[in-house]
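Here are my comments on the model, set out as numbered points so that each can be checked against the picture. Please keep the structure open while reading.

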Amino acid sequence: MEQRTPQLTAEVLIEALPYIQRFKGKTVVVKFGGNAMVDEALKNSFARDIVLMKSVGLNPIVVHGGGPQIGQLLTKLGKTSDFVDGMRVTDSETMDVVEMVLGGLVNKEIVSLINKNGGKAVGLTGKDGDFIRAKKLLIESRNTPDIEQPEIIDLGHVGEVASIDPAVVNMLGGSDFIPVIAPIGVGEDGQSYNINADLVAGKVAEILKAEKLILLTNTPGILDKQGELLTGLTLKDVDNLIADGTISGGMIPKTRCATDAIKGGVSRVHIIDGRVEHAVLLELFTNQGVGTLLLSR
């Protein structure tokens, strides 16, 4: 490992100081997913980032996904999955696996990593304290353009956020604890629903009036048509980039999640490269950052 000189260490700390002062006491919601969740070095660097944020006075809240881990366990159990528009059709048996993986294995691993690095993490699902109320997500089929009434597809236990009660998270975030949230909600009928983690992170950030929402991805951020990183984007910029095809495919829903959060009152949203060690700290506390910053105006 390259040796850092005392002078360089001091310069790094001085560069971080104004950001630490500006964000002290502020809530930052971080969506943890992608390669950062499966690479051991990245998992540990993420945990240290979260602990450092809490130690210097920020209130980090982690929302995590777990799609690959769910798929691996379903395969081991001999159960195949069907997908519609990238979403897993989730019957009752699959939902049991989702709860086991998201609310159990993945959530507890993240909690353990943060605690091992000196933090005090507490794992939650949206079912704890009726934190996340969900409703069934129904989507229209795009494969029947020739009929007047599009087919409505029921994905089973796949939901969207109906409402969020921030009481539990406010209580934890206002103390020494770091909430770690699995994106499972509960419906009015008491049924569990699997919700996209980006959407949960965005809604949590809105309800808590977070200073920032950070979405970890497997790309450097939003790229132009030449593959160069774009940053400092406004809502109008994003609309134009989607319209001309620069933002396409799987980046569209992630970007829409970011813009919805901004419209809901979140000051800034960052889409960053979770494959970079300490990506969260680099984006928060350095002048250059490591991803795309989206602004309200």
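1. The second largest pocket is a good place to begin, and it holds about 570 Å³ of space; please bear in mind throughout that this is a predicted model. Its lining is made up of 17 residues, and those nearest the centre are Val12, Leu13, Ala16, Leu52 and Leu281.

2. Which elements give two or more residues to the lining of the second largest pocket? They are H1, H2 and H9, and among these H1 gives the most, with eight residues. By character, the lining of this pocket divides into ten nonpolar, three polar and four charged residues.

3. The largest pocket has a volume of about 1,400 Å³, and of the 46 residues that line it, Gly86, Met87, Asn196, Ala197 and Asp198 are the closest to its centre. At least two lining residues come from each of H3, strand E4 (87–88), strand E6 (132–140), strand E7 (152–164), strand E10 (192–195), helix H6 (197–207), E11 and H8. The lining of the largest pocket consists of 19 nonpolar, 16 polar and eleven charged residues.

4. Turning to the interior, the largest nonpolar core has 43 residues, of which Ile114, Leu216 and Val280 touch the most other members. Two or more residues of this core are given by each of several elements, including helix H1 (6–23), helix H2 (40–55), helix H4 (92–116), strand E11 (212–217) and helix H9 (279–285). The largest share, ten residues, comes from H4. As background, nonpolar side chains in soluble globular proteins tend to be buried together.

5. Val280 deserves a closer look, and once its neighbours within four places in sequence are left aside, this residue is in contact with Val30, Phe46, Asp49, Met53, Ile214, Leu216 and Ile272. Apart from the largest core lies another, of 40 residues, whose members include Val29, Val63, Tyr193 and Ile271.

6. Finally, is Thr255 buried or exposed? Thr255 counts as buried because its relative accessibility is 0%, and buried means under 20%. Thr255 sits in helix H8 (residues 251–263), where its side chain reaches the backbone oxygen of Met251 at 2.7 Å. Leaving aside neighbours within four places in sequence, the contacts of Thr255 are with Ile222, Val238, Ile247, Ile271 and Leu294.

How values were computed
Residues are numbered from 1 along each chain as its sequence is written. This is a predicted model: local features need pLDDT of at least 70, side-chain atom pairs count only at pLDDT 80 or more; totals for chains, interfaces and linings use all residues. Side-chain values use heavy atoms; hydrogens and water are left out. Helices (H or I, at least four residues) and strands (E, at least two) are DSSP runs, numbered from the N terminus. Buried means under 20% relative accessible area, exposed over 50%, partly exposed in between (1.4 Å probe, protein chains only). A polar contact is a pair of N or O atoms within 3.5 Å; within protein, one must be able to donate a hydrogen and the other to accept it, and residues adjacent in sequence count only if both atoms are side-chain atoms. Contact means heavy atoms within 4.5 Å. A nonpolar core is a set of buried Ala, Val, Leu, Ile, Met, Phe, Trp, Tyr and Cys residues joined through side-chain atoms within 4.5 Å. On a 1 Å grid over the protein atoms alone, a cavity is a set of points where a 1.4 Å probe fits but cannot get out, and a pocket is an open set with protein on both sides within 12 Å along at least five of seven lines; lining residues have an atom within 4 Å of a point. Grid points are joined across faces, edges and corners, and a volume is the space filled by probe spheres set on the points. Ala, Val, Leu, Ile, Met, Phe, Trp, Tyr, Cys and Pro count as nonpolar, Asp, Glu, Lys and Arg as charged, and the others, Gly among them, as polar.
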